[in-house]
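Let's walk through this structure together, starting with how its chains meet and ending on its surface.

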Amino acid sequence: MTEALQQLAYGFSLAIQPANLVYAFVGALLGTFIGVLPGLGPLTTIAVLLPLTYQVGDPLGALIMLASIYYGAMYGGSTTSILLNVPGEAASVITCIDGYEMAKQGRAGPALAIAAIGSFLAGTVAVLALTFVGPAFARFALTFGPPEYFALATFGLALASTLTGGPPLAGVAMALTGILLGLVGIDTVTGVDRFAFGVLQLTNGIELVPMLMGLFGLGEILYNLERRGAASLLTNRIGRLTPTRRDWQESGGAMARGSVIGFLIGLIPGGGAILAALLSYTVERRLSRNPEAFGKGAIAGVAGPESANNAGATSAFVPLLTLGLPGNAVTAVLFAALLIQNVQPGPLLLQQHPDIFWGVIASMYVGNTMLLVLNLPLVGLWVQLLRVPFWVLGPSVLVVAVVGAYSLRNAWFDVGVLIVSGAVGYLLRKAALEPSPLVMAFILADVLDTSLRQALLMGDGNPLIIVSRPLSGVILALTVIVLGLQLVAFRRGVLLETAPDPQEPA
Amino acid sequence: MIGRAASVRIAAAGLLLLALLFGAGSFQLGFRQEGVPGPGLLPALTSVLLLPIAGRLLLRPSILPGAEPLRAAPLLALAVLAVYGAVLPYGGFVAPTVVFLVLWVVAFHRRPLRRAVVLAVLLAAGAVALFHLLLGVPIPLWPWHE
């Protein structure tokens with residue numbers, strides 16, 4: 001424990017360097033600024049702002065900025081959920097239910113304040129836990145071989161593809177598509193060109209960043225072209241921000257429970273913030289003395305899910321940094337950002353780049369504090385941003401996306417990838433196919449491919465090696481159970497019933 | 001407008017095509033090379049799993065109840081975007097961007113031409129100032145820039 005604290009102190013010495021503080025501040029500000037704009041969720045925000053971090057030469061600075069953009073965007077997403085009933089991301093759907101009801105009752109201020117304070121407290125608790133759990137995870141992960149990696153990646157993908165809220169079959173289709181697209185380019189084992197079809201720019205694979213900006217940013221803009229005026233800002237004035245004593249009493253326990261639930265769920269690769277938020281909401285409703293208030297503006301229904309959401313977002317860094325396995329689509333983008341900075345996430349990260357590992361963890365404390373200080377006083381400004389008309393917002397994002405895609409390799413080809421991905425993103429959205437599992441699988445394709453082939457080599461071509469080793473066998477069994485349970489649950493309509501519709505508060 | 005079942009069918013046809021293309025390609029790459037698992041192994045396994053799912057979506061689009069019909073405006077916007085993307089390498093960033101944004105704002109947001117021109121010029125100038133001048137992205141601004 002002392003060693004972890006010493007390392008954390010080292011991380012702080014890096015995180016509080018003036019340049020890194022500036023990156024954290026700019027990241028949190030930009031993340032909230034873009035995240036609060038209607039229709040742009042955290043993933044779109046990160047994807048659109050990712051090219052900005054290339055200009056930061058130092059990998060730690062770039063990652064600190066990205067992580068701050070992430071937290072800022074998450075907070076921005078909560079604001080649109082509460083004031084517009086537009087969830088910035090899937091997990092914020094839960095915040096919409098009671099947050100929007102509170103806003104309708106003229107209590108937007110306390111809802112926003114509790115969301116910010118709950119996020120701050122949960123983030124801090126999760127970072128504290130991460131300080132101690134992270135190194136233990138990394139040590140444990142050093143014992144993993146290719147079969148364990150293959151099993152873990154499969155487990156993460158199975159969870160990610162079945163927890164989208166839609167039919168599990170659709171999620172699995174998206175994950176399989178992501179694997180295929182992720183395999184385009186030169187095979188790292190044999191050097192053979194795979195599925196580049198003679199296109200020189202594809203020999204290094206499809207570039208992730210323009211693909212993301214297209215799937216989420218451009219796809220969102222195209223989708224919103226036909227939905228103009230769907231959301232309406234409820235309130236001109238936020239009014240009093242300070243929660244009442246009763247608000248505190250009702251929120252305190254929810255925040256604590258949400259932090260624990262979120263942290264634990266976020267540790268599971270593919271666990272996802274939506275599961276954390278949904279679980280927290282269900283727990284709070286069950287524990288409440290007044291369960292009928294849920295869906296009608298119960299502050300615990302905002303505090304719990306928001307805390308769980310944020311704690312999960314922080315603990316998702318554990319599988320990312322220690323196993324090299326992104327737990328959700330957002331950490332998948334951060335994974336790509338690390339690779340761009342020549343940093344390979346995984347069990348060796350702690351040994352090879354302790355500055356990155358501890359610097360990022362320490363910067364999370366700094367970023368969380370910065371967000372709280374920034375967001376509460378600036379809440380009036382964020383509300384004004386909600387008024388930016390879509391005819392200004394859409395073209396602005398388009399221009400940033402085009403230049404951002406170009407700046408990656410200074411190639412117009414990537415602008416083409418952006419536009420094609422935008423078309424795909426729009427079509428998937430219209431067909432009710434959630435693209436997040438595609439992104440996760442795209443990133444994990446290389447891990448899956450390499451670990452499968454290495455495992456088969458270890459077993460002299462016998463695939464039973466993956467099942468017969470205790471840890472990989474257990475993980476694969478869990479994967480089968482999860483897939484089976486999700487299928488059964490979906491057939492019985494359980495998922496449809498538990499996932500609330502933001503437009504129709506329960 | 002294209003119906004909601006057609007949205008799913010178009011997406012499913014895309015997935016089916018992808019599975020067939022990658023499946024066929026994986027046979028050419030080979031499943032074993034010199035006694036070790038080859039580069040075609042995972043694509044083949046993945047394609048084989050994707051094929052029946054894509055087929056099922058194609059035949060029974062109703063299993064995706066949240067699907068929505070495709071509207072004309074976004075499809076037209078996509079066509080305009082594709083033309084913009086094709087012109088950029090030859091026309092540089094500034095002129096095609098201004099023309100594209102004016103067209104976009106007038107056609108898809110139904111704003112007056114004057115407002116569209118002001119927004120287009122401001123956005124193009126802002127992008128040049130931020131990315132080209134401040135961050136040093138070497139984006140060709142005019143047709144004569146390499």
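What follows covers the interface and then a surface patch.

Please keep in mind that this is a predicted model, in which local features need pLDDT of at least 70, side-chain atom pairs count only at pLDDT 80 or more, and totals for chains, interfaces and linings use all residues. Residues are numbered from 1 along each chain as its sequence is written, chains are lettered from A in the order in which they are written, and side-chain values use heavy atoms, with hydrogens and water left out.

The contact (heavy atoms within 4.5 Å) draws 67 residues from chain B and 60 residues from chain A. About 5600 Å² is buried between the two chains, with carbon and sulfur atoms giving 83% of that area; buried area is the accessible area (1.4 Å probe) that two parts lose on being put together, summed over both.

One salt bridge is counted between chain B and chain A (a side-chain nitrogen of Lys or Arg within 4 Å of a carboxyl oxygen of Asp or Glu). B:E68 and A:K430 form a salt bridge through their side chains, at 3.1 Å from N to O.

Turn now to the surface of chain A, where A:V474, A:L478, A:I481 and A:L485 make a nonpolar patch of about 370 Å². Such patches join nonpolar side chains (Val, Leu, Ile, Met, Phe, Trp, Tyr) within 5 Å, from residues with over 30% relative accessible area and no salt bridge. A:L485 sits in helix α22, residues 470-491 of chain A; helices are DSSP runs (H or I, at least four residues), numbered from the N terminus. A:L485 counts as exposed because its relative accessibility is 55%, and exposed means over 50% (1.4 Å probe, protein chains only).

Terms used. Patches are made of residues with over 30% relative accessible area and no salt bridge: like charges are joined within 9 Å, nonpolar side chains (Val, Leu, Ile, Met, Phe, Trp, Tyr) within 5 Å. Accessible areas come from the Shrake-Rupley method with a 1.4 Å probe; for residues, only the protein chains shown count as cover. Helices (H or I, at least four residues) and strands (E, at least two) are DSSP runs, numbered from the N terminus. Buried means under 20% relative accessible area, exposed over 50%, partly exposed in between (1.4 Å probe, protein chains only).
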